[in-house]
Amino acid sequence: MESKNVLVVGSGISGVASALELANAGVSVYLIEKEAVVGGHSASFCCKATDICSKCSACVVFDKIKEAVIHPQITLLTNSTIKKLSGELGNFRVEIIHRPQYVDEEKCIACGLCTDVCPTDPKAIYSPFAEATPFSYILDEGLCLRFKGEKCDLCLESCPTKAIEFELKAKEQELSVGAIIVATGFDVFDAREKGSLGYGRYTNVLTGLDLEQIFTREGYLRLPTNGKEPQNIAFIQCIGSRDEGHGYCSQVCCKYAMKLAGLIKYQNPDTQVTIFYIDLQTTGKGFAQFYEKYKESIRFVRGVPVEILQSSSGELEVRFEDISQGKVCRDNFDLVVLSVGISPRKNSWDLARILGINLADDGFFDKKDSLSCNETNVDGIFLAGTCQGPKDIPDSIAHGIAAASKAMQMLAESASRRRGN
Amino acid sequence: MNGCIVAFCCEHSAYPAADLAGKLRLHYPENLRVIRVPCAGRVDVIHILKALEKGAAAVLVLGCEDGACHHITGNTRAKERVKYCNMLLKEVQVDGRPVAMFNLSPNAPHKFVSAVNEITKIIKESGR
Amino acid sequence: MIIAERKPMEEIKQAMAPYKKVLVAGCGTCVAVCWAGGEKEVEILASQLRLARSAEGNEIVTLEATVERQCEKEMVEELKDKVAEVEAVLSLACGSGVQTMAELFEDKPVFPAVNTTFIGMPEKEGLWVEMCGACGDCFLDRTGGICPIVRCAKGLLNGPCGGTRKGGKCEIDPEKDCAWVLIYRRLEKQGRLDLMREYYSPKNFRAVKRPGRIQAAKA
Amino acid sequence: MEPKIGVFLCNCGGAINNIDFDAAVKKVAKFPGVTCVNLSSDLCLEKGREKMISCIRGENIERVVVAACSPEFQEHIFREVLEKAGLNGHLLSMANIREQCSWTHDGDVTEKAVELVKMAVNRVRLLQPMEKKELPVNREVLVVGGGFSASNTALQLSRVGLRTTLLEKEAVLGAGTEELESFYGFDTGSMISAVEVDKNIEVLTSAQMTEVGGKIGDFSVRIRQEGGEILRKYGAIVLATGHQTELALDSEPQLRAEGEAISGLNIVSQEQFCCMLGNSGLETEPKTIGFMFDFSDENSRFPTLTTLNNALAAKKKWGSEIYVFCKNVKVDSEGMEKLYREARDCGVVFLKSEAPPRITAENGRVKIEAKDVFLGEDVILACDVLVAEELYLPAEGAENLSSLLSIRRDSKGFFQDENVHLYPVGSEKKGIFFIGGCRGDLDLGRVLTDISSVVMKVHELLSSGKILVELEKVKADPQKCVACLTCIRVCPHGAIQLVRVDGSKEVAEISDLACDACGICAAICPAKAIKFQGYRDEEILAQIEAIQEL
């Protein structure tokens, strides 16, 4: 039986963009997501506007997610992953597993009554982060007393719309779709792997993603240790990019580092900001103006530091080679931000096995050939976004729309071939 | 109740930011009254003057960030109109009550709250 | 079309000081198109007046009306009952509109709220420039369609003067193009440069009887 | 006669706990025109909506106010509820008493909630019904340009069943694909033959647009070809006019050569170097080659891409010594870091300097001096050939094309304003799209993505042949309009045109297809002739009236 609908795996910005384009073109879309909330990493990025918009597209992500969640043609399945795939282009059968979601996102109205009555500390049922869509409460099995054998259902009683349900088991479902768009996104490079930089040991060493989430949730930057405003900040580029394990430039770190630096300088002009870099990537539409404006006020040092030590006073001492003087220097900073790059998903290997698509040598999914941008070696399965390689938000959206376009073209062709004309 | 602040909120940026501020239970003064408009460029000088005539303590126009307006020139036009409005008020020596424009994006609830707090501070200082 | 500019607020407030109830009357044609006296400007001016007077503690009641053209007796006639209710009329029309209103309602004082400035056209959105001085003796055909009486700062008939700046700019205002340089270039393009050699005797402005009267032939 | 208004309050299942709903219901009942007020706790669930429909039908209510959560998520659901109850979906006004009232203030906020409802009631009283209608659109697409992007767009559009016209100002298709051929082994010939054989594509060569009018779904384009002019109608226009490169030689201060004139020396562009590589009959193969990029233009990726590919090709073909002078190597495109490493492994020397190098001439060879950052001292190199830095610029003719279509360009002159809501391929005018080099410097991966994206966007707009619009949402009243052209100049989406109405009078007409409902024209119209349904001046002023203790 010829199926016209499409399965989009992963609801990051490129998955959402593909789903929206197909839905607006009348195709019915299954959008599955392994987490409880839609949006992936880019949903938690902050707006980096100073007196003018710094073109980071975080608000476009916000708008598109909102549009996708309420779109009638898109069936959203959170907490679900692919188990098995069979069939071929135009007639795929996909088996999906739903992890039990104890709070039904349709019913939950985020009133917070359950959190008030919950006896555990930290609370087992809590409000999602600011950027979460659907904005429904999350129940953590690890903390909840009921999953430790106790008969506690205080939250179940207090819930006005009966959204909480404990006796849920993982359930399976089979979908028949015409094409599949893989938009599983990326893993943020774990900065702990670079032990000498002290991420995870020193609280004032953050990653780029941490800084984004601080601005999204608090709106301004305070030192994690003492809550004061940092006076002296360092950004270290190429963490987990352009090194032995990652033979590629993650394309996003220089841009988000400079835009965050611009935001910090705008909020507090006398903060000193230093960016340690290998090659400054100042490309992209609209970035020339931004770079001209902040070129003078940010100190750029060529060369990536190797070690960060925390002195007794809590200040971070960064050891780096100052190339212009040709000797090793030590500078003190209140805060160090490691601009972590984009790495392939840890579980991309077993998804590739299920779908039968190849992995490229750098760990991302492989394109069919150098002249195609979404097709994979399996007809009918397309790649969208950072699962195929590092991209920034506008490129991920464009890549998602392109994947939708290719899926739609292939469906149109296979349908006409079947009709024999 | 020392009079209300009337805020014309663009439905692409300021209105969703106000909703997000609500979801995060961020608090701001109660005397704010939000009027939803399709774009900051829809707000006309007469709307602001009529609000002031009705006794508003201050009038806010909240639009998208400069350069990120869904309708390209909506927020710049609004900025011009607010400037023109302030000039009109100065002509009649009624410039004790602020008319201000703020730019923000839909995922910046903190900017919405700080805009409202800033205007409330200005009103208190001018002793309205 | 006729271009006008709103009078400074100080003047209008003084004119309206003695009155408690006034009619603010706008005109829907020329002054509306140049954003000086249309329906929108009527509302803004009325609102300003009410704000100013309530700040001074002596309220003013304003009636607002805008007719299609204030220089037509039949159209201004429609305001008859509104004018009856008020003590004075503040008209945002050009000079001829204000006088038509004053003629029809002689018992009530009529005050202009705009200064009628010139006959002109929009250079770009929001910027109007003077094009014609209504001298009554048009000789645009011989100056390539550019009027030196109005667009040359000195109104020379046989320009350009000796002070033209580099780039064909006017001696008096470096921003403005010298009208005669523009005339020269256009005539050059049309191959009618011999017109520049002609001598134009001064126009006899006194001969034009004021006020002008034109009786159409096919009445 | 006052319309009968029904107000539906929702306490959100108890989540809204700082509003005294009983007092609120009493106060709301007293508002003029309100015939029934109901309180429920689950308006957004199926049960609540059923009750609402039966109440609207029962009390034959003509206007509905819903005081509950934010309209962002629920407004379209309540519009469907009204339609099910037989009421026009537009006669609804929402009061946000949850996110913008109960959740953001502590203490009792009943007073504010009642006032928000009063504002919604005042507005709903003036709302007028609006019809939806499907307007027909022309399904033909005009693709301007004849290079890689344009031809591939036409091929993919024909695959989804849309007819395209390729407009190429040169005599032949396939211009500007030299780099693609040499770097990726792309075969331009097969692309051109595929275009010629495709019955959905009509090719007009050595043709140019002279005039564009109309709007999305109905563009009328005048095309000049060999002296003759034809007028054609299109539904959408895609610009794929590509880019051009220009040597940064004459514009570069530091490239002033002291002593010998530099014109005699062997300074070439990347394209010329590509051709040198191509032709085997070169008399003297250059022994040392210098490359330069990223000094006068730090925003382009293209110079790095072409330099790395040419350097590698030269190394393999002639084995000559290659020195690259640059400030930062732009590797933020797919596969660029791999190329950069491959070049270094092959022995290409990269010298990074902050200041641009000084070019001088020395007995017939090009001398380059630059202070290398890592060595910390001046490097002086004499080389046979210097591939000078190139500026990546919009194709010539971009200037008059953008004035022809009256669309905005970005700060470097490329098409597409730097507004994130237009990305990836849109413009501020619906139905006009840009792809490839004409909207910025894009590497091959991004160009391919652009092509497929524009195919999707055009398919979405045109393939069904009709677009559903709200009829006369923003309308200019012909009686009041004095055709002062202000709205036409102000409209950011070019949706307003002058049309002749009943014979002589010309008035402004707002096209429902092109209008994006922003209301800028309604605010600026001097004669207040433009009405924006739902946000008319009366409706906004009525909300201000409702604010009590101002």
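How many helices and how many strands are there in chain D? Select chain D and colour it by secondary structure, and you will find 16 helices and 28 strands in that chain. Its radius of gyration is 32 Å, well over the 24 Å that the globule rule gives for 550 residues, so chain D is more spread out than a compact globule. Please keep in mind throughout the tour that this is a predicted model.

**Chain D as a whole**

Turn chain D along its principal axes, and its C-alpha atoms fill a box of roughly 100 × 60 × 40 Å. Buried residues make up 48% of the 550 residues in this chain, and among its contacts with a separation of 6 or more, 71% are between residues 24 or more positions apart.

Next, colour chain D by domain: domain 1 covers 5–130, domain 2 is made of 141–242 + 395–466, domain 3 covers 246–392, and domain 4 covers 472–532. If you mark the C-alpha centres of domain 1 of chain D and domain 4 of chain D, you will see that they lie 34 Å apart.

**How confident is the predictor?**

Now colour chain D by pLDDT, which has a mean of 88 in this chain, with 96% of the residues reaching 70 or more. Within chain D, confidence is lowest in helix α7 (residues 178–184), at a mean of 77, and highest in strand β12 (residues 236–239), at 96. Then select residues 251–261 of chain D, over which pLDDT stays under 50 and for which the model has 15 contacts beyond four places in sequence. Where pLDDT is low, the predicted coordinates should not be read in detail. For the complex, the predictor gives an ipTM of 0.90 and a pTM of 0.91.

**One residue in chain D**

Is Leu91(D) buried or exposed? Select Leu91(D), which you will find in the loop between α3 and β4 (92–96) of chain D. Leu91(D) counts as buried because 20 other C-beta atoms lie within 10 Å, and 20 or more is the cut-off for that class. Leaving aside its neighbours within four places in sequence, Leu91(D) is in contact with Glu62(D), Arg63(D), Val64(D), Leu82(D), Val124(D), Leu127(D) and Pro129(D), so showing these side chains as sticks will display the surroundings given by the 7 Å contact cut-off. For a view across the chain, add Glu181(D), which is 90 residues from Leu91(D) in sequence and 60 Å from Leu91(D) in space, C-alpha to C-alpha.

**Where chain D touches chain A**

Show chains A and D together, since among the five pairs of chains that touch, the most contacts are between these two. Here 52 residues of chain D are in contact with 52 residues of chain A. On the side of chain D that touches chain A, the elements giving two or more residues are α3 (71–84), α6 (148–159), α11 (336–345) and α13 (444–462) of chain D. Of these, α13(D) gives the most, with eleven residues. By class, this side of chain D divides into 18 nonpolar, 17 polar and 17 charged residues.

**Chain A and a hairpin within it**

Hide chain D and look at chain A, which has nine helices and 20 strands. The radius of gyration of chain A is 23 Å, close to the 22 Å that the globule rule gives for 421 residues, so chain A is as compact as a globular protein of that length. Along the principal axes, its C-alpha atoms fill a box of roughly 70 × 60 × 40 Å, and buried residues make up 49% of its 421 residues.

Colour chain A by domain, with domain 1 at 6–99 + 170–186 + 344–418, domain 2 at 113–158 and domain 3 at 189–341. The centres of domain 2 and domain 3 of chain A, taken over C-alpha atoms, are separated by 36 Å.

Then zoom in on strand β16 (residues 316–322) and strand β17 (residues 327–333) of chain A, which run antiparallel and are joined by seven bridges. Glu321(A) stands opposite Val328(A) in β17(A). The hairpin of β16(A) and β17(A) has four residues between the strands, and in this hairpin Gly326(A) takes a positive phi near 70°.

**Last stop: chains B and C**

Finally, show chains B and C, where ten residues of chain C are in contact with eleven residues of chain B. Helix α3 (residues 39–56) of chain C gives the largest share of the side of chain C that touches chain B, nine residues. That side of chain C has five nonpolar, two polar and three charged residues. If you bring chain A back into view, you will see that chain A and chain C do not touch, their nearest C-alpha atoms being 25 Å apart.

Note on methods: Residues are numbered from 1 along each chain as its sequence is written. Chains are lettered from A and ligands numbered from 1 in the order in which they are written. This is a predicted model: local features need pLDDT of at least 70, side-chain atom pairs count only at pLDDT 80 or more; totals for chains, interfaces and linings use all residues. The radius of gyration is taken over C-alpha atoms; the globule rule is 2.2 Å times the number of residues to the power 0.38. A residue is buried if 20 or more other C-beta atoms lie within 10 Å of its own, exposed if 12 or fewer, and partly exposed in between; C-beta atoms are placed from the backbone. Ala, Val, Leu, Ile, Met, Phe, Trp, Tyr, Cys and Pro count as nonpolar, Asp, Glu, Lys and Arg as charged, and the others, Gly among them, as polar. Domain bounds come from an automatic or database domain assignment. pLDDT is the predictor's confidence in each residue, from 0 to 100. Two strands pair if DSSP finds at least two bridges between them.
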